[in-house]
Amino acid sequence: MKNKIALITGATSGIGRATAHEFAKHNIDLILCGRRLERLQTIKKALEKEVDVHILNFDVRDKTQTLKAIDSLPEAFSEIDILINNAGNAHGLDPIQTGNLDDWDAMMDINVKGLLYVSKAIIPGMTARQSGHIINIGSSAGKEVYPNGNVYCGSKHAVLAITEGMRIDLNPYGIKVGAINPGLVETEFSKVRFKGDPIADTVYNGFHALQAQDIAEIIYFMVSRPDHVNIADLLVFPTAQANSTTVKKN
Ligand code: NDP
Ligand code: 8X3
């Protein structure tokens, strides 16, 4: 039987990269996306011993580049079974009155519009084949708003609303749509959010944060359920975290 094919955005780091490794372990062929080409090449080299791997180097903020990259897929990778919309980040942690416009643009353009552009390129193949599975990586920030989280929380609330909309609209086609919403995961996320501020190195101190591998294993669990089971929405915290503002530290 032919392997399934998954396209993962944000595969150069953190949750996306861990998911690529987890999928390869389970014989899922991979289309890996991201802006850092060298990293994509290194991951491809490591994983192509196990499965077929194709890389796509584009910025999800760029509509034309995104559609062109996905349109360029060779025949063997053109029928995508699983889409993991993972690319995204927080940029800044500022009160709304002093927030930075470039940070706001980045979060809305990447987390929300980028997810839409990628989905727009892939969904028609899924509807034509009447099958597919889309998993959007939301956040606990999409479930509740925390101080100074304003626009990042807004972008992740949007991801959740879009996930629900996708699930409704794609229901007639038998396409599964779900979201996983993690709390604190120790990745490059805080380095991006705090842009070189040493505070980035302290975010996961004093408690056992979720690791990218924890989320990757849950994503594989989601995609490996039987045909009649769709995990629609998951909220996952480290044990030490009760909500966005309550974390038990040593
Ligand atoms: P990382 O910073 O480790 O990874 C982010 C990934 O997104 C990278 O592979 C990066 O690739 C990609 N990316 C960022 N901007 C763009 C862009 N403009 N175009 C294409 N790719 C882009 O963070 P995480 O793994 O933690 O984050 C993955 C997802 O998980 C995000 O959506 C994040 O919001 C979400 N999340 C993270 C949590 C956490 O605490 N870490 C908790 C809840 C949700 P490259 O730079 O090479 O383009
Ligand atoms: C990442 C988790 O709490 O930093 O989405 O927003 S948080």
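**Ligand 2**

I started with ligand 2 in this predicted model. I listed what surrounds ligand 2 and got S139, A141, Y146, Y152, G183, F189 and R193. Sorted by type, that shell gives 4 nonpolar, 2 polar and 1 charged residue.

Next I looked up the polar contacts. S139 puts a polar side-chain atom 2.5 Å from an oxygen atom of ligand 2. For Y146, a side-chain N or O atom sits 2.6 Å from an oxygen atom of ligand 2. Y152 also has a side-chain N or O atom 2.6 Å from an oxygen atom of this ligand. As for cover, ligand 2 has 240 Å² of accessible area on its own, and the protein covers 88% of it.

**Ligand 1**

Then I moved on to ligand 1. I noted 30 residues around ligand 1, with T12, S13, R35, Y152 and T187 the closest. The shell splits into 12 nonpolar, 12 polar and 6 charged residues. I checked which helices take part: α1 (14-25) and α5 (150-169) each bring at least two residues to the shell.

Y152 turned up again here, with a polar side-chain atom 2.7 Å from an oxygen atom of ligand 1. So I wrote Y152 down twice: it is in the list around ligand 2 and among the closest residues to ligand 1.

R36 has a polar side-chain atom 2.9 Å from an oxygen atom of ligand 1. With G88 the contact is through the backbone, where an N or O atom lies 3.4 Å from an oxygen atom of ligand 1. How much of ligand 1 does the protein bury? Ligand 1 taken alone exposes 870 Å², and 98% of that is buried by the protein.

**Nonpolar cores**

I went for the largest nonpolar core next. It holds 32 residues, and F23, L30, L32 and I219 touch the most other members. Elements giving two or more residues to this core are β1 (5-8), α1, β2 (29-34), α2 (37-47), β3 (53-57), β4 (82-85), β5 (133-137) and α7 (212-223). Which element gives the most to this core? That is α7, with 6 residues.

I picked L32 for a closer look. Leaving out residues up to four places away in sequence, L32 touches I8, A11, A20, L40, I43, V53, H54, I55 and L56. Apart from this core there is another one, of 29 residues, including I70, I110, V112 and A158.

**L184 and Q241**

Back to the stretch after G183, which I had listed around ligand 2. L184 is in the loop between β6 (176-182) and β7 (185-186). Is L184 buried, partly exposed or exposed? Its relative accessible area is 24%, so L184 counts as partly exposed. I also took a C-alpha to C-alpha distance: L184 and A141 are 10.0 Å apart in space and 43 residues apart in sequence.

Beyond four places in sequence, L184 is in contact with V203, Y204, F207, A209, L210, P238, Q241 and V247. I followed that list to Q241, which is in strand β10 (residues 241-243). Q241 has a relative accessible area of 7%, so I logged Q241 as buried. A polar atom of the Q241 side chain lies 3.2 Å from the backbone oxygen of N243. Not counting residues up to four places away, Q241 touches G183, L184, T246 and V247. V247 is thus on both contact lists, that of L184 and that of Q241.

Technical notes. Residues are numbered from 1 along each chain as its sequence is written. Chains are lettered from A and ligands numbered from 1 in the order in which they are written. This is a predicted model: local features need pLDDT of at least 70, side-chain atom pairs count only at pLDDT 80 or more; totals for chains, interfaces and linings use all residues. Side-chain values use heavy atoms; hydrogens and water are left out. A residue is near a molecule or strand if one of its heavy atoms lies within 4 Å of it. A polar contact is a pair of N or O atoms within 3.5 Å; within protein, one must be able to donate a hydrogen and the other to accept it, and residues adjacent in sequence count only if both atoms are side-chain atoms. Accessible areas come from the Shrake-Rupley method with a 1.4 Å probe; for residues, only the protein chains shown count as cover. Helices (H or I, at least four residues) and strands (E, at least two) are DSSP runs, numbered from the N terminus. Ala, Val, Leu, Ile, Met, Phe, Trp, Tyr, Cys and Pro count as nonpolar, Asp, Glu, Lys and Arg as charged, and the others, Gly among them, as polar. A nonpolar core is a set of buried Ala, Val, Leu, Ile, Met, Phe, Trp, Tyr and Cys residues joined through side-chain atoms within 4.5 Å. Buried means under 20% relative accessible area, exposed over 50%, partly exposed in between (1.4 Å probe, protein chains only). Contact means heavy atoms within 4.5 Å.
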